[in-house]
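Trainee: I'd like a close look at one part of this structure, taken slowly. Could you walk me through it once it's on the screen?

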Amino acid sequence: MNKISLLIAVYLGATIFLVYLPISHLILFSFNKISSLYYPFNGWSFKWYEAFIEDPAIIISLRNSIAQAIITTIITVIASTAAALAFRRRFRFQNPLFYIILLGMIYPGVTLGLTNLIVDVQVLNLPLSIWTISFTLSVWCIPFGLIILLMRFDPKLSRYEEAARIHGASEWKVFRNVTFPIIKTELIVVALFAFTLALGEVFRSTFVSPPTSPVLPVLLLSTLASYPPTPKYFALGTVIAVVSLATILTGGAIMSRRGGLLVRK
Amino acid sequence: MTSNKKLVVENLAKRFGKVIAVNNISFEIFDGEFFAIIGPSGCGKTTTLRCIAGLENPDSGSMLIDGLNVSGMPTYKRGMGMVFQDLALFPHMNVFDNIAFGPRMIGRPKDEIKNEVDEVIGLVRLEGLGDRRITELSGGEKQRVALARSLVLKPRILLFDEPLGEMDPALRERMMVEIKDLHRRVGFTALYVTHDQEQAMTLADRIMVMNKGCIEQIGTPEEVYLNPTTLFVAKFVGTINLIRGKVISIDKNKKNIEVETDVGIFLAPMQDEATAGMSIAYAVRPENLFVGKEAANYANKIYAKLTNRTYRGLDTEYTFQLSNDEEFKALIQEERERKIEVGEETTLGWRTEDAAVISKPSVIRGLDVDRVLLGE
């Protein structure tokens, strides 16, 4: 390893260490016997995990988070797949449309949440719900999905579709028998990505979250702001961190199996 | 081969933005015929093919297949088959499923599909390979799967889009023989697009030469090779030696034309369109040239210096430099002993009947003899 590589490795290692140090601390202390965040560590216990499972506010908001993440994922997968398939060809206003979609990713979260709140409540007269959250988060997730798919689509996909059409397949049959089986794996990657993004999202969902039945990040933000934290929140955090990590690693493994992270082999 | 018209194309036109890809062309293909379209890149042959296939929408014109107007008909209803340059075999299916794809899509009954697929597998000699994944096949085997995938549907026309482009020469030779053999046995109508005139000459019953979206000539391989109607065709099909010249006189008795060039005066067989004073290209093919002592026997002779000799196994290609610095090539078969060495000067000779005078540079307006000679 030459000097530059070594330097980069050290820098990367230090960054990861510093970022994950507080998190590791919390994960460790979620197993602490007594309610304390400070050393010394008193011994191993699962009681905070039991505690958060029995807390109705947490469970309800966890359920909301998962529900909303699932809906967001479904919307994102369908919309970004349709867009990615369409963007392979030239059509009118292709470039402006692409930038508009990309805007969802670039738009500051707080602004997106706030504007969605105004549109939902004042313009559309919609009650805030899991659905309002999902639609808002989809605007953010779809450009991620679109880019992942555009980069990972097999360039020969259009060719296979042409071959299918010549040999008797109507448009729907082409999709079902040729396109979908070939892009299946990429869709799973987008789904995993979108799910992780949606689950952890705070800023955008804060605004469009129902005040009485919020999603988890919102609940945590409001709770932890007012009360000193008990370790049951760390237990919760640990579970979510582990689940998110597992999801991302699965997605990464699937993508790597066929080449690099963003480039298809 | 009956004289039923399988495909009638009339005034087909297609442009992409400002570029005219297909410029109002009309032609016919007969039932059972092996029809090739050749031409340089960008001449419109692939666009023509894709319009007939339904993969492109022509701007105007009609296409009749078996009398049926297919313009506006979606691709999957046209009843054709196609072998692509990159084969486009479905990667997520094995050999059997690839071939069975067509019958399944059009709704053939299950038990009959198995019979039909097995029959075609036998036809292309892929027995026992039904279970294989596409990635496990050799180049030749993949070609045969591509052929089978189309043939199983008994297509009205089997379209070929440069199918042998990405092959090594040995495999290409074998595949050409196989395709020709299949055509003989099955009798399908074929539309074969390629830029390689050798493939077309070997496989086709008739060849259509295209240039910049227009048709230069349609004819049998013999017609196109021996009687090119334009300079473009003469240059594109096989190798040919060309010199600019002017018609001096026409001898109606001997049925000859006398042509003056800056390397000599030559004779060519009489042609109806040739008139005295006309600016033409004088043409003679390399295989018709005699080198050295025997050249003296022939009516047409020039002095030339040997600049290169390329041994090609079956024959040797000699490259000569004429006194006006232009190049002449000669093809000598089975050279026993070397006639001359590089750098030596010698005489080249040929018979009058082996020469030709071509007055028309191209069907494209605005091109003159010089520009076509330069390769535009």
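Trainee: Take helix α2 (residues 95-106) of chain B: is it mostly covered or not, and how many of its 12 residues are buried?

Mentor: Keep in mind that this is a predicted model. With that said, α2 of chain B is mostly covered, with 9 of its 12 residues buried. The buried ones are B:Val95, B:Phe96, B:Asn98, B:Ile99, B:Ala100, B:Phe101, B:Gly102, B:Pro103 and B:Met105. On helices in general, there are 3.6 residues a turn, so residues three or four places apart point the same way. What sits over the buried residues of α2(B)? The cover includes α3 (110-123) and α4 (139-151) of chain B, together with α8 (171-200) of chain A. Just after the helix comes B:Gly107, with a positive phi near 90°.

Since chain A has turned up in that cover, let's look at the contact between the chains. It takes 15 residues from chain A and 19 residues from chain B. On the chain A side, α7 (157-166) and α8 each supply at least two residues, and the largest share, 6 residues, comes from α7(A). By class, that side of chain A has 7 nonpolar, 3 polar and 5 charged residues. So α8(A) shows up twice: it helps cover the buried residues of α2(B), and it supplies residues to the side of chain A that touches chain B.

A bit of background on chain A, then. Its secondary structure comes to 11 helices and 0 strands. The C-alpha trace spans about 70 × 60 × 30 Å along its principal axes, and buried residues make up 34% of the chain's 265 residues. Take the contacts in chain A between residues at least 6 apart in sequence: 77% of them join residues at least 24 apart.

Back in chain B, there's a strand worth setting beside the helix. Why call strand β7 (residues 157-161) of chain B largely enclosed by the rest of the structure? Because 5 of its 5 residues are buried. B:Ile157, B:Leu159 and B:Asp161 point one way from β7(B), while B:Leu158 and B:Phe160 point the other way. That fits the general pattern, in which side chains in a regular strand alternate between the two faces of the sheet.

As for its partners, β7(B) pairs in the parallel sense with strand β6 (residues 81-83) of chain B over 3 bridges, and B:Gly81 stands opposite B:Leu158. Strand β8 (residues 189-194) of chain B also runs parallel to β7(B), joined by 5 bridges; there, the bridge partner of B:Leu158 is B:Ala190. Add helix α5 (residues 169-186) of chain B, and β7(B), α5(B) and β8(B) make a right-handed β-α-β unit.

Finally, the domain picture. The assignment for chain B gives domain 1 (5-226) and domain 2 (238-374), with 37 Å separating their centres, taken over C-alpha atoms. The contact between them takes 7 residues from domain 1 and 4 residues from domain 2. On the domain 1 side, the largest share, 3 residues, comes from strand β10 (residues 214-219) of chain B. By class, that side of domain 1 has 3 nonpolar, 2 polar and 2 charged residues.

Conventions:
Residues numbered from 1 in each chain as written. Chains lettered and ligands numbered in written order. Predicted model: local features only at pLDDT ≥ 70, side-chain atom pairs only at ≥ 80, totals over all residues. Buried ≥ 20, exposed ≤ 12 C-beta atoms within 10 Å, placed from the backbone. Helix = DSSP H or I, 4+ residues; strand = E, 2+ residues; numbered from the N terminus. Contact = placed C-beta atoms within 7 Å. Domains from an automatic or database assignment. Nonpolar A, V, L, I, M, F, W, Y, C, P; charged D, E, K, R; others polar. Pairing = 2+ DSSP bridges. Right-handed = clockwise from strand over helix to strand, strands pointing away.
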